[in-house]
Amino acid sequence: MGIRGLMSFVEDHSNEFFTDLKVRDTKIVIDGYALFHRLCFNSNLELRYGGDYDSFADVVQKFFESLFACNICPYVVLDGGCDISDKKLKTLKDRAREKIQMAHSLSVGGGGYVCPLLIREVFIQVLIKLQVCFVQCFSEADRDIMTLANHWNCPVLSSDSDFCIFDLKTGFCPLNSFQWRNVSTIKGTGDCYIPAKCFSIDALCRHFSNMNKALLPLFAVLCGNDHINLPIMDTFLSKVRLPLGATSSKGRRHHRVLGLLNWLSHFANPTEALDNVLKYLPKKDRENVKEILCCSMEEYQQSQVKLQDFFQYGTYACPAALNLDLPEWVLVALAKGQLSPFISDALVLRRTILHTQVENMQQPNAHRISLPIRQIIYGLLLNASPHLENVSWNALPSQPPAFSEVERINKNIKTSIVNAVELPKDYSDLSKLTELSLAKRQILLLETLKVKQTILEPIPSSLKLLVSVSCYWLQHTEAKAKLHHLQALLLGMLMGPLHVIINSPDKEDLREDGARMLYEEFQRVKEQTRPGTRLDLDTAHIFCQWQCCLQMGMYLNQLLSAPLPEPDLTRLYSGSLVHGLCRQLLTSTSVESLLSMCPEAKQLYEHLFNATRSYASAELFLPKGKSNSKKKRQKKQGTSWSKNRVGTTSDTKCWYEGSNRFGLLTVENLEEHIELSELE
């Protein structure tokens, strides 16, 4: 949620509403959504290239290491999907539009803040590695966070201004004043602590004539939050004379916040204040508005969910979820973060939101390429619960069941209707999906990705899903990938295995020196990409499409209970590295020269390239620009270039396999092969 203008108001009065805190030797409940956004946007990370997930993972790890050093025990609580009322849809659409504008700004060299597509998945993977306790709520987490913190009598860490309204026993620490990078030591003891500031709701109420803190939820809904935006409230605000108190530049800046708090402080309780609000409204609207306001105020009351039971016993009971009668395994997987909120939204609302990346806004949105995967996901979710079957969504009885998707079109959003794929009977009952054999679940995954199992046999298990997704990506003409894109992507996938070799406990591992040299070379390429480098929009769009394929491939794999191992995303895609490698491969560097220092990496690369090349079109192996020129010449001459110059499509692949079997040549060398073939 979030109350407009409140956080900046209380921060402007920091000395009055906040106390200094030395955080140590305590539990702390962390708003996971707020944390991963804060760490992503405030750690000098590159945001234009689709995510430097390795750098982000390092920042997350350092954050929690600071907590561990101070004997702080973190419990991370993540938002889930939207609840069945879908009351935040307008807010979510507004944010989607804002994200499109920021993504466009980043794409043309401006500023902006757009989370990379898989940032949430990377964050969860780091939590699992560090054994940090976390839970994913069924819907929005704020009330559950407040209830858990009060149960444990510990502070909340967030950046959400709603925590200025919740009655928290131990207070709320804003992330922007939580100095985790500046761990300090208590003199004479050696004990570590993190300097922070703690907001006091009691101090806020004292400042406003000792107002009743029970009035604050009414203040929140009158001021406007993510759940309520009633135009008729402007009628109230235009008629009531809001007392500003002592005027100042700060007072003028926060006219509505200051005025409402001063006005509400004159009332003894919420009932009296609400009655006075309704007096300013037309009689015909009063009952309806009262019901909406009261319902919205409930969002600030204690939650019925007991997260302490999840952290202690592993049981998660959410009344809203239980009322939907969803399969037990789905509820457990959602709570453990093994299924994404995307699945929850599709399941409960039959509506999903496709997040925009830093892509080419003049092209169709990057998510179009993964539509067939999403249709399979929707097909698996069709028969989830009898309680959902009676809800009428978008499809007419005679039509296939439909889902709606909020997606980018140009620089705006639209809602598209997508039909689910009706699957064979074996896959038609979500409650029994986990009972299917591994073979059946794997067959559906690989058939959706259009990949034969045999090509995955030489591939390490940790990379099988990545390779499968890459094969799917190469088969779709929307991607328009070239050889150097594939090469750069596969080279980037070597970072994880290299990291494992370098950090192997066996210090006499003879592979370590070569692996370290290659790893350091990749780091140099990555660093050279960052400062002021112009973004190649077409390349960015191609890699955005690959990430969309990976995202939906992972979601389908999760829904099928991981017939392929989930890849470690923290070391397998770095946007700055992959974009930098693309530039080098187009100019001076060859794959062969890069990999010559590490035979193990070269061998793995060859396995990856062999698996993916058979799914690529022959056009992929033509240098940039050659494809279009050949098409133009073909049209002009009225003959088939492929037949006159190289032979059939399969002949082209044979020529390629002989000349560049593992994609180790530079583009310049490939051009020489093309020119020679033209002269023959």
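Asp58 is partly exposed, with 29% as its relative accessible area, whereas Arg571 is buried at a relative accessible area of 14%. In this predicted model, the side chains of Asp58 and Arg571 come together in a salt bridge, with a distance of 2.6 Å from N to O. Asp58 belongs to helix H4 and Arg571 to the loop between H26 and H27, so this contact links distant parts of the chain, 513 residues apart.

A second contact involves the helix and the loop just named. Tyr53 and Tyr573 form an aromatic pair, with 6.2 Å from centre to centre and 50° between the planes, and the pair is tilted. Tyr53 lies in helix H4 (residues 53-69), while Tyr573 lies in the loop between helix H26 (537-559) and helix H27 (575-586), so the two rings tie together parts of the chain that are 520 residues apart in sequence. Tyr53 and Tyr573 are both buried.

**Other aromatic rings**

A pair of aromatic rings is described by how far apart the centres are and by the angle of the planes. For Phe342 and Tyr378 the centres are 6.3 Å apart and the planes stand at 20°, so this pair is stacked. Phe342 comes from helix H18 (residues 341-349) and Tyr378 from helix H19 (residues 371-380), so that distant parts of the chain, 36 residues apart, are linked by the pair. Phe342 is buried, and Tyr378 is buried as well. Across the structure the count of aromatic pairs comes to 26. Ring pairs also link Tyr75, Trp152, Phe310, Phe311 and Tyr316 into a cluster, and one member of that cluster, Trp152, has Lys27 lying over its face at 4.1 Å from the ring centre.

**Salt bridges**

The whole structure holds 18 salt bridges, and the table gives some of them with their distances.

| Salt bridge | Distance, N to O |
|---|---|
| Asp58 and Arg571 | 2.6 Å |
| Lys284 and Asp285 | 3.4 Å |
| Lys440 and Asp426 | 2.8 Å |

Lys284, which meets Asp285 in a salt bridge, is exposed, with a relative accessible area of 71%. In the salt bridge between Lys440 and Asp426 the closest N and O atoms are 2.8 Å apart. Lys440 lies in helix H21 (residues 438-448) and Asp426 in the loop between S11 and H21, so the bridge ties together parts that are 14 residues apart in sequence. Lys440 is partly exposed, with a relative accessible area of 34%, and Asp426 also counts as partly exposed, at 41% relative accessibility. Elsewhere, Arg24, Asp25 and Asp191 are joined into one network by salt bridges that share partners.

**Helix H5**

Helix H5 covers residues 89-107, which makes 19 residues, and from its first C-alpha to its last it reaches 27 Å, close to the 27 Å expected at 1.5 Å a residue. Its buried residues are Thr91, Ala96, Ile100, Ala103, Leu106 and Ser107. An α-helix has 3.6 residues a turn, so residues three or four places apart point the same way. Among the elements that cover the buried residues of H5 are strand S10 (402-409), strand S11 (412-419) and H26. Just after H5 comes Gly109, which takes a positive phi of about 95°.

Note on methods
Residues are numbered from 1 along each chain as its sequence is written. This is a predicted model: local features need pLDDT of at least 70, side-chain atom pairs count only at pLDDT 80 or more; totals for chains, interfaces and linings use all residues. Side-chain values use heavy atoms; hydrogens and water are left out. Rings of Phe, Tyr and Trp (its six-membered ring) pair if their centres lie within 6.5 Å; planes under 30 degrees apart count as stacked, over 60 as edge-to-face and the rest as tilted. Helices (H or I, at least four residues) and strands (E, at least two) are DSSP runs, numbered from the N terminus. Buried means under 20% relative accessible area, exposed over 50%, partly exposed in between (1.4 Å probe, protein chains only). A charge sits over a ring if NZ of Lys or CZ of Arg is within 6 Å of the ring centre and within 35 degrees of the ring normal. The expected span of a helix is 1.5 Å times one less than its number of residues. Contact means heavy atoms within 4.5 Å. A salt bridge is a side-chain nitrogen of Lys or Arg within 4 Å of a carboxyl oxygen of Asp or Glu.
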